[in-house]
Amino acid sequence: MFEQHRETLEKALAAIAERGHWSAFPESPSPRVHGEEAAERGREAFESLLGKRFPLDQPGTGAWIGAERSPYGIELGVTYPEPAVDRIVAAALAALPAWRDAGPLTRALTCVEITQRIHRRSFELAHAVQHTTGQAFVMAFQAGGPHAQDRALEAVAYGYAAMTSAAATVRWEKPAKGEPLVMDKRFTVVPRGVALVIGCNTFPTWNAYPGLFASLVTGNPVIVKPHPRAVLPLAVTVQVARETLAEAGFDPALVSLAVEEGTGLATALATDPAVRVIDFTGSTEYGDWLERNARQALVHTEKAGVNTVVVDSTDSWRGMLGNLAFSLSLYSGQMCTAPQTVLVPAGGVDTDEGHKSFDEVAAGLAAAVGGLLGDDARAVEVTGALVNPDVLARVEAAPSLGEVVLESRAVKHPEFPDAVVRTPVIVKVGAERSDVYGREHFGPIAFLVPTASTRESLDVLRRTVGARGALTASVYSTSADVLDEAERAALDAGVNLSCNLTGGVFVNQSAAFSDYHGTGANPAATASLTDPGYVAGRFHVVQSRRPV
């Protein structure tokens, strides 16, 4: 079943080393790529799940639960088996030895097969992601489908590379008086134990797949605990994984789903002695709690941050404004990588269209956002819908934080009249108001901050990222010295930096196999998706030796 995937695995291994452009899964939803009927079949598959019990055979209490409602206003009505947690953990532990003994190559090829089968359900997953997160359909297809699948394969490649970096067996010979000392030695990758993936509301597959597949390929059974508002995409994922594992002759209990309607399940699982690896995406408060209290486990967290833009000068005034406007508007800023704080010298900036004052920068950015989102039908394909009421409350409260540069406006969705859609609000605040711009305001909210100079802007970047963390930073400058200083500031703060983005690459997007997502070097995340450190702690190497 899996031998066909050796070439894909080898290409993935080459890609993580070379860091160039490579993707195993086409990101276009075009019928030319997937066939004329693929999109319709995916929509029908999604709709066939609505209002029903999700078909998943695993230990449960007998109750069926579910609390999802589409941000676009449609009722989903999908229910899931309430997990019998003790039985799920016990089943995972029982499944571990055979999966461990299968070895790195078998596990890796099995994981590649899982990703291939998930890919074949990309259109179904796109609808599931759209109607649990509020993403626009094309973004849901790309980020929730092929891009997430690439991240899964990337994690598989890193895990396989780490497990096979040294020989698995060796005949050891040491010269001695007379006959040499000869021993056969075996080195076996031993998983840490049960892994727990705690999903988020906004990117249920993209953020969960790295941890899921990094743990699975290194031999750890995985319990997937989705966000209560975004279960369906991960339920489909778990269903595919269990079916694939069973067909390969392994216990499907290696991957299970843990759904809850309320709160407390993640905490109970995270502190279970059998859970030895945790991957979490969500709030800083709960991420910090996990780091303090799940002491028995290796804990990887991705939390909130303050993504910052430093504007010094530009040789593409319109390109800079257009790029920033799109980055602020994409998925209504509901991305952990979206820019929030834009630092501009109070005296203005030099551009290819002459010197622009601070007020002209503010007006230009407001006009760029307004132009991008001026047509409602086009706007909703960029913004999507607000994922939950908390985001709407923050948008409505933002004008009280400073001087409004651009008001947020309600947009009527032409297809989903009950969708809650808001354009970004941009607020000017003083450099002394770090209590405002120095914390995350998740959603379509941005702050323009006048600073004394670009040097002060870089100092602000260092301080805010050092204190609160960030997943992205960006700088615009025509000066090589300023760009070098910005890179030093980013190294000091431990944040990934983008310079002079004016075209089709945006600061809040990252490419699998080339871009690292997060660094683990600032408070926003304890690990990077994906680097060797992300996978290495998920297993140990145990040796046995015997004289020949």
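So, R538 lies over the face of Y534, at 4.4 Å from the ring centre. Keep in mind throughout that this is a predicted model. There's another arginine like that to show you: the charged end of R19 sits over the ring of Y516, 4.2 Å from the ring centre.

Now, R538 comes up again elsewhere, in the surroundings of S215. Where is S215 found? In helix α9, which runs over residues 209-217. S215 has a relative accessibility of 0%, so we call it buried. If you leave aside the neighbours within four places in sequence, S215 is in contact with A195, N220, V222, V277, D279 and, there it is, R538.

For contrast, go over to R53. That residue is in the loop between α3 (38-49) and β1 (60-65). Buried or exposed, then, for R53? Exposed, because its relative accessibility comes out at 56%. Again leaving out neighbours within four places in sequence, R53 has contacts with W64 and T79. And if you want a sense of distance, take R53 and D312: C-alpha to C-alpha they're 55 Å apart in space, with their positions 259 residues apart in sequence.

OK, aromatics. How many aromatic pairs does a search of the whole structure find? It turns up 10. Let me walk you through a couple. Take W99 and F250: the ring centres are 4.9 Å apart and the planes are at 85°, so that's an edge-to-face pair. What I like here is that the pair links distant parts of the chain, 151 residues apart. W99 is in helix α4, residues 85-102, while F250 is in the loop between α10 (232-247) and β7 (255-257). W99 is at 0% relative accessibility, so it counts as buried. F250 has a relative accessible area of 15%, and since the cut-off for buried is under 20%, F250 is buried as well.

The other pair is F280 with Y286. Here the centres are 5.5 Å apart and the planes are at 65°; edge-to-face needs over 60 degrees, so this pair is edge-to-face too. F280 is buried, at 7% relative accessible area, whereas Y286, at 21%, counts as partly exposed. Don't stop at those two, though: ring pairs link F280, Y286 and W289 into a cluster.

On to helices, starting with α6, residues 122-133. Why do we say α6 is largely enclosed by the rest of the structure? Because 12 of its 12 residues are buried. Among them are F123, E124, H127, Q130 and H131. The length works out, too: at 1.5 Å a residue, the 12 residues should span 16 Å, and the end C-alpha atoms are 16 Å apart, so the two agree. Right after α6 comes G134, with a positive phi, near 90°.

Last thing, a helix packing. Helix α1 (residues 6-18) packs against helix α8 (residues 146-163) at an angle of about 85°, and the axes are 9 Å apart. Roughly perpendicular covers 65 to 115 degrees, so that is how α1 and α8 are placed relative to each other. Which residues make the contact? On the α1 side, T8, L9, A12, L13 and I16. From α8 you've got L153, E154, V156, A157, Y158, Y160 and A161.

Conventions
Residues numbered from 1 in each chain as written. Predicted model: local features only at pLDDT ≥ 70, side-chain atom pairs only at ≥ 80, totals over all residues. Heavy atoms only, no water. Phe/Tyr/Trp six-rings, centres within 6.5 Å; stacked < 30°, edge-to-face > 60°. Helix = DSSP H or I, 4+ residues; strand = E, 2+ residues; numbered from the N terminus. Buried < 20%, exposed > 50% of the residue type's maximum accessible area, 1.4 Å probe, protein only. Lys NZ or Arg CZ within 6 Å of the ring centre and 35° of its normal. Expected span 1.5 Å × (residues − 1). Axes fitted to C-alpha atoms, helices over the stretch in contact; angles between N-to-C directions. Parallel < 35°, antiparallel > 145°, perpendicular 65-115°, else oblique. Contact = heavy atoms within 4.5 Å.
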